[in-house]
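Reader: I would like a close look at a single part of this model, with its surroundings described carefully and step by step. Please take me from the pairing of strands to the residues that deserve individual attention.

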Amino acid sequence: MRRKLIIFIVLIAGMSGLFLAQEAHSNQYTITQNSGAIKAQLDSLLSLIDRLSNNGEYQQILDEVDRAEKIVLTHKQDSFYLSVFRQHKGNAFYWLGDYGKAIEGFNDAITANGNNEAGLKQRATQFFDRANAEYQLEMMTDCYQSTLASEAILTKLENPDYDYLISVYNDLAYQSRELAFYDDARMFLTKARSVYESKKDLVDTYNLPVRKPVSFAYSEVLINAEDKDEKEMLNSLTELEQLVDTRTSTKQELVRLSSAYNAVADFYINDLHSFTQEKYQNAKRYLALTKSTLNVDENPGGLDQLRFNEAKMAYNIGTYSEAKAKFEKLSEELAIDDPRRPFFETMKGLVNLKLKRSKGAEANFFRTLEITHSGRDSLLTDCSNYQASTNIIHATLFAEVADTIKKYDEQLFDRVGSKLQLAGMREFEANYQGKTFNSRLKSTYESLFQGMLDPMLDEPNDLKKTSLYADLLNQSETIENRLLWSKFLLNRRLGQLKVPDSIRRKEQVLRLNIVQARRGGDAQACFELENELEKLERSILADYPKYGTFSQSHFDVKGLQKDLAKETLIIKYVELNKEYYRFDIDNRTIKCTKIERPDALKKQIEMYLSVIRNRKQDRELARSLSSLLLPDDYSKYSKLVFVNNLIWEELPFEALCNKQKNYLVESTLITYSPHLVFINNEHESEGSNGDVVVFTPSYANGQTNLRGAQDESELISDCFGSKYFNQNKATRSAFLDASTNASVLHLAMHAEINENIGEQSCFLFNDEKLYLDELYGLNLSGDMAVLSACSTGRSFKDVRSGNASLQRAFIYAGITSTLSSLWEIPDQSTQEIMTSFYENLKTGMTNGEAIRDAKRNFLKNADDPNLQAPYFWAGFVLSGQDQSIELNTVSNNSSVWIWVIISVSVIGLFSLFWVNHKRKKKVQNLA
């Protein structure tokens with residue numbers, strides 16, 4: 001009976017399963033049918049939205065998109081649909097003029113999109129559309145980043161839309177020009193030309209309003225005009241004229257030609273301070289060509305620009321009343337949101353300045369600031385609440401105007417010039433991208449900084465003055481260190497991640513290829529490789545999003561002061577327009593002094609450096625330099641930290657003398673820092689392992705082996721039980737592998753300094769060279785790099801970061817401090833100082849204390865008085881964090897073996913005891 005019941009249950013279950021399977025199949029068929037119907041409905045909506053878009057019915061598009069979104073979300077359709085509908089939503093808001101909501105729509109579209117080929121293609125267009133909306137809001141830096149994101153996606157695709165890619169490159173060229181990065185603009189334009197020439201069969205070359213070669217030539221005219229390259233500007237204009245035939249070209253191409261003529265006229269007019277007769281004739285000629293080719297119906301904005309240039313021409317030739325009338329008429333007719341309004345208003349002010357109508361000029365200049373002020377609250381009369389726009393060109397405008405006002409009317413400058421400089425500095429801080437200053441940006445920055453600083457010098461020293469200095473230092477430090485600080489944090493944090501070796505190797509190969517492209521003078525290849533490198537870095541950050549916010553938004557000098565010991569003084573030197581200033585910062589005050597007679601000072605420094613290089617002493621000259629370079633009360637501080645990027649960066653301050661003609665190293669702890677932000681900063685060290693990693697190559701091919709370096713490295717290895725790579729083991733690849741997690745990197749080797757092409761400076765391993773560009777990209781998280789090689793601390797010019805050195809490259813890579821050399825120090829001195837330095841580290845001294853004590857011991861124990869010359873001991877300098885470093889140490893090799901023997905013996909005795917115990921237990925059980 002029980003068996004029959006079981007069979008019955010099984011049969012029922014089987015029948016139920018069959019029924020359920022049939023029901024599921026039926027439901028699946030129903031869902032499929034419904035899904036097909038829903039997709040058809042969504043496709044129909046897409047077609048409807050396309051028709052509405054063609055007819056300009058954007059409000060109705062928003063209603064249809066809302067309906068479509070509900071359908072997609074309710075029925076859980078492919079996210080691609082959701083992404084496309086949201087993009088239509090963004091575009092509808094864009095054409096309705098609500099650019100903020102347009103950006104929100106594009107962001108929602110990007111978030112919803114998938115990672116398949118179709119999704120990526122769509123995402124590229126969404127980034128590009130977002131860039132257009134950001135441009136309308138004058139968010140130039142955001143616009144630039146969005147367009148870069150679009151380009152990064154398109155170049156990854158096997159079959160991108162090449163028309164679209166060319167448009168992206170054209171926009172990147174335009175945006176780079178707007179941000180005053182003219183070399184980048186040229187490179188992007190070269191990329192656009194390259195895609196066009198290589199993919200002509202895949203690019204639409206017919207029935208275009210503007211042919212692509214016309215667009216390229218036009219863009220080149222604008223780039224060269226703004227970069228003040230007259231020869232290339234005229235060459236590009238000639239090419240454009242040859243491409244555009246006034247009889248057969250399209251109306252839009254004629255617009256480009258007319259606009260190009262206007263830009264060339266503007267090139268000659270814009271030099272307000274040296275408007276020669278030749279420039280006048282050239283400007284007059286190109287204004288006439290602009291007028292003859294201008295089609296006002298097609299290009300109404302071109303008419304405004306022509307009239308603006310004519311008004312500037314009247315200003316330049318001194319017909320100020322005529323210029324005033326022209327500018328007034330222009331301003332009346334200009335749209336309230338026209339981005340040219342600040343420039344038009346500024347010119348009205350300059351005309352009033354020349355007409356000696358200071359009140360009118362003041363009102364014009366303040367109105368300029370009101371127009372560019374982006375805050376919601378009205379601009380206060382002292383401009384203290386000024387919030388920057390999104391266009392760095394406003395910083396240049398304010399700097400140039402402030403300089404002009406100061407030249408003609410000191411009283412007006414006191415009332416409004418300082419406000420322009422304050423606003424200009426905020427514009428620079430908000431919009432500077434962290435790239436190397438070109439000449440235009442450098443001039444703007446130095447003019448603003450100096451213009452704000454000079455009036456403060458005459459004010460009495462009090463808390464208000466300290467606060468003003470603090471504000472100025474905060475701005476300058478944030479601007480100047482942005483590239484170095486962000487690279488330091490990014491590389492340091494990436495060094496703590498388990499980034500796959502394949503990605504690290506890919507980055508290393510890219511960097512080496514960049515070096516080779518630079519050495520070969522292949523600018524285009526270099527540009528393409530750097531683009532690839534940036535994309536790789538962005539993809540790493542995408543995989544580790546919590547490390548994406550790595551930049552410090554604003555430096556706070558008061559926070560630095562709060563952490564300073566009262567015995568510490570920071571001395572920061574600044575060069576502005578070939579004049580020198582010194583900031584003295586302790587835990588309570590900030591003072592600034594203008595250094596007098598800079599040319600005489602430079603000569604004295606060169607004289608003293610010559611004395612040092614010749615292994616001589618001149619304590620009187622060293623004392624004289626102390627009085628010129630240091631504050632009067634420096635001796636009351638036991639520690640001095642120098643922040644110095646000037647011509648005397650190679651001067652070791654510990655080799656200066658006090659009034660008693662004793663070297664400062666004997667009484668004072670001296671360290672260095674590339675920027676204020678690197679002083680007293682706490683950094684994560686979770687990626688380092690406490691190891692000291694030592695590299696000492698053996699050389700062939702004519703390179704001299706460093707006997708002292710080998711002895712020094714062996715002593716360090718014995719002292720710390722370090723990982724020691726010597727002779728054939730000291731390879732470039734071994735260094736790249738071992739450097740990532742080490743606490744201390746010690747490189748006792750040759751280095752080559754290329755002062756003409758700084759980025760080709762390198763370290764010499766026994767098989768290959770490691771170049772500066774490769775060092776920039778290492779992801780390190782250690783505490784110190786000891787560069788016991790010749791001249792690793794010497795500065796040179798580098799295309800990437802301005803002033804550079806091999807030691808500074810390690811800070812880029814994520815190392816918190818470096819010990820480097822300013823010249824080639826003799827082997828014997830190096831060995832003694834380095835051995836003493838590491839012994840001091842073992843006792844718990846900070847690295848700054850350790851190197852200071854090592855130098856003092858060398859001086860104290862020098863048998864030959866000639867060895868007291870700074871050449872033998874002062875060349876090693878510590879830059880970055882003065883810190884204690886926890887290292888894996890052993891007292892010596894014999895003690896290691898003793899502990900090994902003891903450990904083995906203990907283990908052996910314990911094993912013997914355990915075996916005997918088991919035997920006794922077994923015997924007892926048998927009994």
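**Strands and buried residues**

Author: A good place to begin is a facing pair of residues, since in this predicted model F763 stands opposite L770 in strand β11. The strand β10, covering residues 762-764, is joined to β11 by three bridges, and the two run antiparallel. Both belong to an open sheet of three strands, arranged in the order β9-β10-β11 with antiparallel pairing. Because β9 (751-752) and β11 (769-771) each have a single partner strand, they stand at the edges, and one side of each is left without a neighbour in the sheet.

Turning to individual residues in other strands, M784 lies in strand β12, which spans residues 784-787. With a relative accessibility of 0%, M784 counts as buried, because the cut-off for that label is under 20%. Leaving aside residues up to four places away in sequence, M784 touches S743, V744, L745, I815, S817, F837, L841, N847, L878 and I885. For one of these contacts, V744, the C-alpha atom is separated from that of M784 by 4.9 Å, although the two residues are 40 apart along the chain.

S879, for its part, is found in strand β16, made up of residues 876-880. S879 is buried as well, since its relative accessible area is 6% and the label applies under 20%. Again leaving out residues up to four places away in sequence, the contacts of S879 are Y672, S673, P674, Q807, I811, T816, S817 and T818. S817 thus appears among the contacts of S879 and also among those of M784.

Terms used:
Residues numbered from 1 in each chain as written. Predicted model: local features only at pLDDT ≥ 70, side-chain atom pairs only at ≥ 80, totals over all residues. Heavy atoms only, no water. Helix = DSSP H or I, 4+ residues; strand = E, 2+ residues; numbered from the N terminus. Buried < 20%, exposed > 50% of the residue type's maximum accessible area, 1.4 Å probe, protein only. Contact = heavy atoms within 4.5 Å. Pairing = 2+ DSSP bridges.
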